[in-house]
Amino acid sequence: MACVKWNDVWSATFSVNFGVRQGSVLSPFLFNIYLDDVANLNDCVNRKFIVYADDILLIAQSVSEFRNLLRACEKELITIDMKINVKKSCCMRVGPRCNANCANLQTIDGQYLPWVSEMRYLGIFVVKARSFKCSFSHSKRSFFGAVNGVFGKLLNLASDVVILELVKSKGLPILLYGFECCNLRSADHCDVGLLKDCQYFFGAVLPSVLVLRKADKLALRYQCLENAFCTY
């Protein structure tokens, strides 16, 4: 049974004969079952199909193999009355020939997927490069925005300890989101002198140390899983 709330007024209850309400805890489980057949596209060793809810990631070793994987994915989605949203989809090349011009890929209904130099998947920004590379400029910008918001409200009203704790609880999760899954370069570390002063005077933990802890925690969690992809 379900009902609708509008301006503190509740509607009469009505039965839901199929599907689940928005935000239901059953939604992700049922959706995974719904897309289970699509996961069989992973049978080929030259291509991978990764799905998290309705966010699909297709990986192939060549453009031609990627085109075949895209077509197979579309056909599987059509059988369950779904299709790829071209407005939210793109293509990107990673490897020694990342700067080579690639042929435009066309969907079954005649729309083209754009080739981009940066893409976002599950909140992580991946950039076109000769090897796998992530961009953290977006997370840094959001981090500084959150920190400046704290400073703007409390800089003259709260102690340094309180402000630092707010930065740790409100800003650092934004900055470090997904870092445990990414290969960080030396240029990506942000252990500047100001952070070292915070570590010395307030006992703060540097972001580089937090990243290592998050990565170790993630690795321990994956060791307990039986999924072959996670084990790899």
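**View 1. The whole chain, with 7 helices and 9 strands making up its secondary structure.** This is a predicted model. Of the protein's 232 residues, 26% count as buried. The exposed surface comes to about 16800 Å², and carbon and sulfur atoms supply 56% of that. Take the contacts with a separation of 6 or more: residues 24 or more positions apart account for 49% of them.

**View 2. Helix α2, residues 63–79, seen along with what covers it.** Start with a quick check on the geometry. With 17 residues at 1.5 Å a residue, α2 should span 24 Å, and its end C-alpha atoms sit 25 Å apart, so the two values agree. The buried residues of α2 are V63, E65, F66, L69, L70, A72, C73, E74 and L77. An α-helix has 3.6 residues a turn, so residues three or four places apart point the same way. For the buried residues of α2, the cover includes strands β3 (47–52) and β4 (55–60), along with β5 (105–106) and β6 (112–113). Just past the helix, look for D81, which follows α2 and has a positive phi, near 60°.

**View 3. E74, a glutamate in helix α2.** Is this residue buried or exposed? E74 has a relative accessibility of 8%, and since the cut-off for buried is under 20%, it counts as buried. Where does its side chain find a polar partner? A polar atom of the E74 side chain lies 3.1 Å from the backbone nitrogen of I108. Leaving aside residues up to four places away in sequence, E74 touches I84, Q106, T107 and I108. So I108 turns up twice in this close-up, as a contact of E74 and as the owner of that backbone nitrogen, while E74 itself is buried at 8%.

**View 4. The β3–β4 hairpin, with 2 residues between its strands.** The two strands run antiparallel, and 6 bridges join them. To get your bearings, pick out I50: its bridge partner in β4 is L57. In the turn, A53 has a positive phi of about 55°. Both strands also show up in View 2, where β3 and β4 are among the elements that cover the buried residues of α2.

**View 5. D36, in the loop between α1 (27–34) and β3.** How does D36 count in terms of exposure? Its relative accessibility is 46%, so D36 counts as partly exposed. For a sense of where the loop sits, compare D36 with V51: they are 15 residues apart in sequence, and their C-alpha atoms are 9.8 Å apart in space.

Definitions and conventions:
Residues are numbered from 1 along each chain as its sequence is written. This is a predicted model: local features need pLDDT of at least 70, side-chain atom pairs count only at pLDDT 80 or more; totals for chains, interfaces and linings use all residues. Side-chain values use heavy atoms; hydrogens and water are left out. Helices (H or I, at least four residues) and strands (E, at least two) are DSSP runs, numbered from the N terminus. The expected span of a helix is 1.5 Å times one less than its number of residues. Buried means under 20% relative accessible area, exposed over 50%, partly exposed in between (1.4 Å probe, protein chains only). Contact means heavy atoms within 4.5 Å. Two strands pair if DSSP finds at least two bridges between them. A polar contact is a pair of N or O atoms within 3.5 Å; within protein, one must be able to donate a hydrogen and the other to accept it, and residues adjacent in sequence count only if both atoms are side-chain atoms. Accessible areas come from the Shrake-Rupley method with a 1.4 Å probe; for residues, only the protein chains shown count as cover.
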